[in-house]
Amino acid sequence: MADELLELDAGDGTATLLLPIDGEQAAIAGFVSVSGVRAWERDAVDLDGLRQLAVRIRLVVEAALEYERRRAAALELHRALLPVVPELADLAIAARYVPVGFGADVGGDFYDVVDTDEATFVVVGDVAGSGLRIAADMGRLVPVLRAELTRHRDAGRALDAADQLCFADRLFATAAIVTVDRDRSVAEVRSAGHPPPILRRPDGATAAVIDVGPPLGAGVGGWSATNELLGPGSALALYTDGLIARSDLAADDGIELLRCALDEAPDDLEAACDHVVDELTSRHPLADDAALVVIAPR
Amino acid sequence: MAEELEIVLTDDGTHLVRGDLDAHSAEAFEAAMAEVEGTVRLDLSAVDFADSSGLRVLLGLHRRLDDDGGELRIRSAGTRLRRLLSLTGLDQVLALD
């Protein structure tokens, strides 16, 4: 029974009243408890009030459980939409998706790697929104970029197509595409409202100075390319703003934290990714999901 | 916790926005601005933090007004928000006075 009141004799002349909180959909183990009730107070206890309290607690807990179920579903869908990063003989690639954790919305952070015989394209982007809807929006945007890159091998054209989709469907997204030539010596960066990649050379890491074009969905277009040399021992990190954005941190300070983390990161790319994620999440907890992709010629 | 978003219509017809423009407040901002039309002036100098959800509703408002022959003008924005608008290329889309 949902509101069966239990009465325990505390042995000191008082009683403890326990009203079980029973979940309808999920098992919730808990009681509303009133202790120290003396015999003459027993009839004055507001049982209806206690029952209402038990119902309220049940509703709150059930809402939280339902929220977590939805988040887990959105997260699973999100993970299923992210591609498996290919193993390339001459270009090492490590990628991470970093969810905020319990109780938060799933973000729209995505990455993709499209390897063609002309160049390898590395895409990192972020669709605005939250929940299951964001996964669906991502699920439409990522294949458009991939198809365009596969067919035309042109990052600017792929961003144009993505912008058209976002404009028509009223999505807001940012994305950066790095085109790595077959020699693995030049990385051409194009950014649609996306934060600048961090370039690590043997003598240190710097935030790439790039020309940032308008975001996807503005319908404005125009993404100029910036070329960065990828010498031996260099690496390039692409990320989404969840990694650097905190309410108590200016954007440039976030980029600087990331630059420092990459500067000190180990050479092995997988270890470098872990180091960067560790550094950026331990001191300032993430406010938003984040993606990180690091590439290095080998 | 994020502070509540507050929108005040000032005497000169500018919408003064105060608070964070983020995932928590984007819907409230969108709802509050759902009826505005024509040339809309936003004072964002009291917006300390914005994220992609906040920028999305700004772009959405710009597009809706623009489609109807109106205009969104951002009259004032703090250095932090200005930097964000420039990092996301939105300064090339939105009219910043």
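Two strands count as paired here if DSSP finds at least two bridges between them. In this predicted model, strand β9 (residues 198-201) of chain A and strand β10 (residues 204-207) of chain A clear that bar, with four bridges joining them in an antiparallel run. One of the residues involved is Leu199(A), whose bridge partner in β10(A) is Thr206(A). Just two residues sit between β9(A) and β10(A), and the pair makes a hairpin.

Chain A also has an open sheet of three strands, laid out in the order β1-β2-β3 with antiparallel pairing. Its edges are β1 (6-9) and β3 (31-38) of chain A, each of which pairs on one side only. On average, neighbouring strands in this sheet are turned by 20° against each other, with direction ignored. Between β1(A) and strand β2 (residues 14-20) of chain A there are four bridges, again in the antiparallel sense. Leu8(A), for instance, has Thr16(A) as its bridge partner in β2(A). Packed on this sheet is helix α1 (residues 47-81) of chain A, which touches β2 and β3 of chain A. The direction of the helix makes about 155° with that of β3(A), and because angles over 145 degrees count as roughly antiparallel, the helix and β3(A) can be described that way.

Val55(A) belongs to this same helix, α1 of chain A. Is Val55(A) buried or exposed? Neither label quite fits: with 15 other C-beta atoms within 10 Å, Val55(A) is partly exposed, since being buried takes 20 or more and being exposed takes 12 or fewer. The C-alpha atom of Val55(A) is 7.2 Å from that of Ile21(A), although the two residues are 34 apart along the chain.

Helix α1(A) has a helical partner as well. It packs with helix α2 (residues 131-152) of chain A at an angle of about 10°, and the two axes are 8 Å apart. The two helices, α1(A) and α2(A), are therefore roughly parallel to each other, as angles under 35 degrees count as such. On the α1(A) side, the contact is made by Arg70(A), Ala73(A), Ala74(A), Leu77(A), His78(A) and Leu81(A). These meet Gly131(A), Leu132(A), Ala135(A), Met138(A), Gly139(A) and Val142(A) of α2(A). Sorted by class, the contact of α1(A) with α2(A) comes to eight nonpolar, three polar and one charged residues.

Further along chain A, two arginines turn up with unusual backbone signs for discussion. Arg153(A) is not a glycine, yet has a positive phi of about 50°. Its place is in the loop between α2 and α3 (155-169) of chain A, and it is partly exposed, with 16 other C-beta atoms within 10 Å. Arg170(A), also not a glycine, has a positive phi near 55°. This second arginine, Arg170(A), lies in the loop between α3 and β7 (173-181) of chain A. Arg170(A) is partly exposed too, with 13 other C-beta atoms within 10 Å.

Turning to the interior, nonpolar side chains tend to be buried together in soluble globular proteins. The largest nonpolar core here holds 102 residues, and the members that touch the most others are Ala175(A), Leu258(A), Leu292(A), Val293(A) and Val294(A). Setting aside neighbours within four places in sequence, Leu292(A) is in contact with a list of residues that includes Ala95(A), Arg96(A), Val98(A), Tyr239(A), Cys273(A) and Val277(A).

Chain B meets chain A through 19 of its residues, in contact with 25 residues of chain A. On the chain A side, the elements giving two or more residues are β11 (212-213) and α4 (251-263). That side divides into 12 nonpolar, seven polar and six charged residues.

Chain B has an open sheet of its own, with five strands in the order β1-β2-β3-β4-β5 and mixed pairing. The edge strands are β1 (6-9) and β5 (95-96) of chain B, each pairing on one side only. Strand β4 (residues 71-77) of chain B pairs with β5(B) in the parallel sense over two bridges, and Ile74(B) stands opposite Leu96(B) in β5(B). Two helices of chain B pack on this sheet. Helix α2 (residues 52-67) touches β2 (14-21), β3 (39-50) and β4 of chain B, its direction making about 140° with that of β4(B). Helix α3 (residues 79-87) touches β3 and β4 of chain B, and its direction makes about 105° with that of β3(B).

Key. Residues numbered from 1 in each chain as written. Chains lettered and ligands numbered in written order. Predicted model: local features only at pLDDT ≥ 70, side-chain atom pairs only at ≥ 80, totals over all residues. Axes fitted to C-alpha atoms, helices over the stretch in contact; angles between N-to-C directions. Contact = placed C-beta atoms within 7 Å. Core = buried A, V, L, I, M, F, W, Y, C linked by C-beta atoms within 7 Å. Parallel < 35°, antiparallel > 145°, perpendicular 65-115°, else oblique. Nonpolar A, V, L, I, M, F, W, Y, C, P; charged D, E, K, R; others polar.
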